[in-house]
Amino acid sequence: MSIASAERKLGWGLLAPALLWTAAFFVVPFLAMLALSFAHMEGRAIVSGFDPGNYIRAFTDWSQLKALINSVEITVTVTVISVVLAWPLAAIIAWQVPARFQRLALLMAVLPFWTSYVVRSYSWLLVLGKNGVINKALMGIGVISEPLALASTRTATVIGFVHFFVMLLTLTIYANLIQLSPNYARAAQDLGASRWATFVHVILPLTLPGVITGAFVTFVLCIGDYITPQILGGNTELTLPQLIMLQMGRSGNFPMASALSVVLMGVVTVAYAACSRWLRLDRL
Amino acid sequence: MPRKSLTALALLLATPACAEDTLNALVWCDHTDPTLIEPFEKAHNVKVNLKEFEGTAAGLAILDQSQPGDWDVMVIDSVDVHRAVEAGKLAELPADKLPTADFFPALVMATNNTVDGKTYAVTEKFGYNTISYDKTKVDPKDMEDMAALTSGKYDGKIGIYDYYLPVMGLLALGQGIKTADLNADTLPKLQDSLTALRKASKQVSDVVSSQTALATGDVDIVVGGGEWLTAVLAKDNPNLDWTIPKQGGLRWSQSIAEVAGTKKADLALEFIQYIVSPEGQAALAQSSCYWGMPANQKAGDLLSPEAKAVLRWDQQPDYIARSQLYPIPDAATDAKMQDMWTAMLNQ
């Protein structure tokens with residue numbers, strides 16, 4: 001046996017546990033879900049077959065399609081806002097905070113991760129409520145005379161998401177920034193670039209892999225999240241995961257829930273394809 | 001692909017515990033209160049494995065995707081017992097071993113709990129889906145008429161309980177349609193009132209979010225609420241109240257049954273007997289998830305005067321007379337109701 005052949009076998013051997021794990025817990029369940037998505041309900045019975053009706057309904061029934069549109073709109077909004085807020089935060093930690101305090105600063109940034117996701121969402125509900133901290137403060141200083149309708153709105157959902165994902169993005173962007181040699185900026189400025197031009201043409205492109213990686217993870221986690229829109233959105237509009245839960249938990253319509261889940265995976269796949277050029281998942 | 005294979009994924013979602021000393025129960029959240037379950041566990045030296053579910057369709061779907069013997073007891077809307085029996089999901093109970101003679105007469109519900117003279121379930125708890133409100137924020141007189149909800153006076157101050165059956169049942173009463181007459185023909189008549197109610201509302205939310213919104217003043221009214229919503233808040237929020245409007249209210253009632261194919265029939269029966277005993281009933285009535293009237297009147301001896309006041313114990317004859325049972329839609333009507341509800345959520 002040649003050395004190359006032996007190494008190849010060793011490589012497959014080392015890969016095997018991961019491949020088996022992925023096959024057992026992703027590929028097989030996904031194929032089962034895919035098959036289920038082409039079944040349909042007759043009364044409470046699941047009838048197998050190749051019926052594209054669930055997919056047709058997902059894209060032609062307005063209340064179903066609206067859920068997909070809502071999910072994409074909310075996710076894009078959250079991702080953009082989170083990136084805009086996380087980049088300067090990561091830059092401050094990487095460049096302005098003394099090295100010995102950077103770990104502490106990162107710890108402070110991710111501290112909210114330590115609380116339960118559900119508890120955090122309900123806490124935001126109290127903060128954003130009619131008699132919550134924000135409305136009381138604004139009314140106290142005379143900015144508003146009537147409380148703002150913040151809770152149980154899309155705004156509340158976005159705020160809850162952004163609070164969570166800014167922390168995540170800060171970590172991925174910080175990991176990128178900290179590896180960036182200050183010589184790039186110095187070289188650009190030596191060559192006459194302004195601070196703004198240095199940022200736009202040198203620093204920002206170099207941090208793009210970290211930004212895109214964080215943004216992709218934000219997109220994936222946000223579009224699949226059920227808890228935050230359910231608690232903070234007040235069911236004033238449905239997102240795709242909420243619709244999937246309704247189909248499973250209330251209607252017992254597993255084929256429709258499966259079809260919607262496949263659609264959700266399709267959206268994530270499109271997002272991956274769009275980002276793949278810059279994705280550096282090893283930065284996570 | 002065979003149907004069994006198709007449901008393999010769903011099976012993974014609903015696999016109960018299998019230990020011999022375990023009773024597997026499909027329940028609503030009120031049964032998860034340790035003060036209710038622990039005394040039974042200690043007395044019988046067993047573990048009660050509880051799985052919460054929402055709505056009969058979901059409960060029956062779980063049973064469809066399980067093996068006989070996976071589940072031992074099940075909580076179910078009393079009005080859906082026939083549906084479950086027809087699907088072969090419930091086992092017969094020995095009627096002579098159930099204390100129904102001690103029940104409020106209207107809550108024995110023999111028409112619902114028996115099929116062909118055989119008893120398949122026993123009522124355990126009941127209450128009302130009506131209108132809950134903060135009496136310091138709204139005019140209590142307005143709450144006596146459902147029309148006030150969509151008059152414009154309370155726009156943005158209304159929360160809707162996120163369960164289509166009681167809320168659409170209430171809207172039917174508002175249209176003068178009896179809940180028993182709600183079917184595919186009468187359902188479209190609710191569309192306008194459902195749309196109007198949604199426009200006037202701030203949110204559509206589950207039990208906890210509805211309670212939070214009412215308690216924090218985010219909404220002043222919850223349509224579909226009742227004692228089950230406000231009772232747990234009464235101690236800290238004495239301003240919260242509920243009423244049955246002149247159009248009437250919906251009476252919810254839940255039954256408990258033995259699941260067909262259980263391998264622990266004796267233990268399941270003992271659990272059911274415990275739940276409908278005065279002790280079990282008193283604990284279930286004051287569950288930390290939601291309160292409700294016990295079906296067994298003897299539980300009254302174990303409830304404090306304050307608890308009975310919150311539950312409106314003394315007004316029950318009047319309330320029972322003014323309320324109707326949940327709608328019992330057939331599968332097609334049920335699907336249409338859910339579609340209307342989903343469209344309303346995304347309105």
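This passage walks through chain B of a predicted model, from its overall form to its domains and its contacts with chain A.

Chain B is built from 16 helices and 14 strands. Its C-alpha trace extends over about 60 × 55 × 35 Å along the principal axes. For a chain of 347 residues, a compact globule would be expected to have a radius of gyration near 20 Å, and chain B, at 20 Å, agrees with this. Of the 347 residues in chain B, 52% are buried. Among contacts in chain B with a separation of 6 or more, 76% join residues 24 or more positions apart.

The domain assignment splits chain B into domain 1, made of 10-126 + 251-313, and domain 2, made of 127-250 + 324-345. A distance of 26 Å separates the C-alpha centres of these two domains. Where they meet, 13 residues of domain 1 are in contact with 15 residues of domain 2. On the domain 1 side, strand E12 (249-259) and helix H14 (305-311) of chain B each contribute at least two residues. That side comprises eight nonpolar, two polar and three charged residues.

Turning to the neighbouring chain, 32 residues of chain B are in contact with 33 residues of chain A. Several elements of chain B give two or more residues to its side of this interface: helices H1 (3-6), H2 (8-13), H4 (56-64), H10 (207-216) and H16 (331-345), together with strand E9 (201-205). The side of chain B that touches chain A holds 14 nonpolar, 12 polar and six charged residues.

Technical notes. Residues numbered from 1 in each chain as written. Chains lettered and ligands numbered in written order. Predicted model: local features only at pLDDT ≥ 70, side-chain atom pairs only at ≥ 80, totals over all residues. Domains from an automatic or database assignment. Contact = placed C-beta atoms within 7 Å. Helix = DSSP H or I, 4+ residues; strand = E, 2+ residues; numbered from the N terminus. Nonpolar A, V, L, I, M, F, W, Y, C, P; charged D, E, K, R; others polar. Rg over C-alpha atoms; globule rule 2.2 N^0.38 Å. Buried ≥ 20, exposed ≤ 12 C-beta atoms within 10 Å, placed from the backbone.
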